[in-house]
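Reader: I am new to protein structures and would like to learn how charged pairs are recognised. Could you show me one and explain the terms with care?

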Amino acid sequence: MPKEVLQRSEKEGITYFFLPRWEASNLVGHGFSSRRGGVSQAPYDELNLGYKGGDRPQDVQENRRRFLNIWKKKKQDLFYGEQVHASKIILVDEKILPAGYGELCAADALITREPGVVLGAFAADCLLIYFLDPKTPAIGLAHAGWRGTMLGIAPGVVRAMQNNFATRAESLQVLMAPAIQPYCYEVGGEVLQAAAAARWKTDFVFWPGKKKNHPYLNLPETNKNMLCRLGIKKENIFISKYCTHCNPDLFYSYRRSGGKMTGSQMGIIFLR
Ligand SMILES: [Zn+2]
């Protein structure tokens, strides 16, 4: 069993995770939240950072303020996609910045090379994928559930960084955050049919399930295969082993809550 790549930390009462080598580089600030340390009431307790599930907006706001404050960042620094399980990627540049912070319509991934701009994304089982091109430097952050994965959101981010920043695949570093892990992620016909039709079908990693036609989907390894195909080095892909579904004390899980949204983790990254 490989060692967990993320380190757990606590600041201002909040538990969160980070990749030590990125933290040490001083090139980026980044983190992935847990559910511990916020003000939300049950069933959203405690650090719900997403508005979608029906939590009190003022609580989500306060939670976001606390989380961003770990890096001395404010909501005015934060950009994130609407997250519609599609493959639209938005470049946050000098054309977007004056329009103001917050949610960008229909996007599931953002990229930027503007220092200080915080890219954010939300998940409660879905996989968040962080991208760092230390040479340019430039960053990206993608939300990849099974739909986004099938649509190639991760390879799309690599292409977008190559096109906009002349990023080289061989220097790109990738972090995959805690997500639902394969042994908790049984899928059915809808997913299998979509996978069979996907452009990236040979990259899909399914584990045999207990029931016929209900295998387990390995989201991180599937995305890793796609990224390696584009020339990203295996040793530059860091995958967390934390399962959001198996750790109710630490993480929200859409599937564990019976398909109800009871809160979201948040990932952020910014260039220093
Ligand atoms: Zn699990």
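Author: The turns below take up some salt bridges and the burial of their residues. This is a predicted model, in which local features need pLDDT of at least 70 and side-chain atom pairs count only at pLDDT 80 or more, while totals for chains, interfaces and linings use all residues. Residues are numbered from 1 along each chain as its sequence is written, and side-chain values use heavy atoms, with hydrogens and water left out.

Reader: Why is the contact between Asp-45 and Arg-35 called a salt bridge?

Author: A salt bridge is a side-chain nitrogen of Lys or Arg within 4 Å of a carboxyl oxygen of Asp or Glu. For Asp-45 and Arg-35 the N to O distance is 3.5 Å, so the pair meets that definition. The structure holds ten salt bridges.

Reader: What makes Arg-35 count as buried and Asp-45 as partly exposed?

Author: Buried means under 20% relative accessible area, exposed over 50%, and partly exposed in between, with a 1.4 Å probe and protein chains only. Arg-35, at 12%, is therefore buried, whereas Asp-45, at 30%, is partly exposed.

Reader: How do you know that Glu-62 and Arg-66 form a salt bridge, and how are they placed in helix H2?

Author: Their side chains meet at 2.8 Å, N to O, and, being four residues apart in helix H2, they are separated by about one helical turn. Helices (H or I, at least four residues) are DSSP runs, numbered from the N terminus. Glu-62, Arg-65 and Arg-66 are linked in a network of salt bridges.

Key. Helix = DSSP H or I, 4+ residues; strand = E, 2+ residues; numbered from the N terminus.
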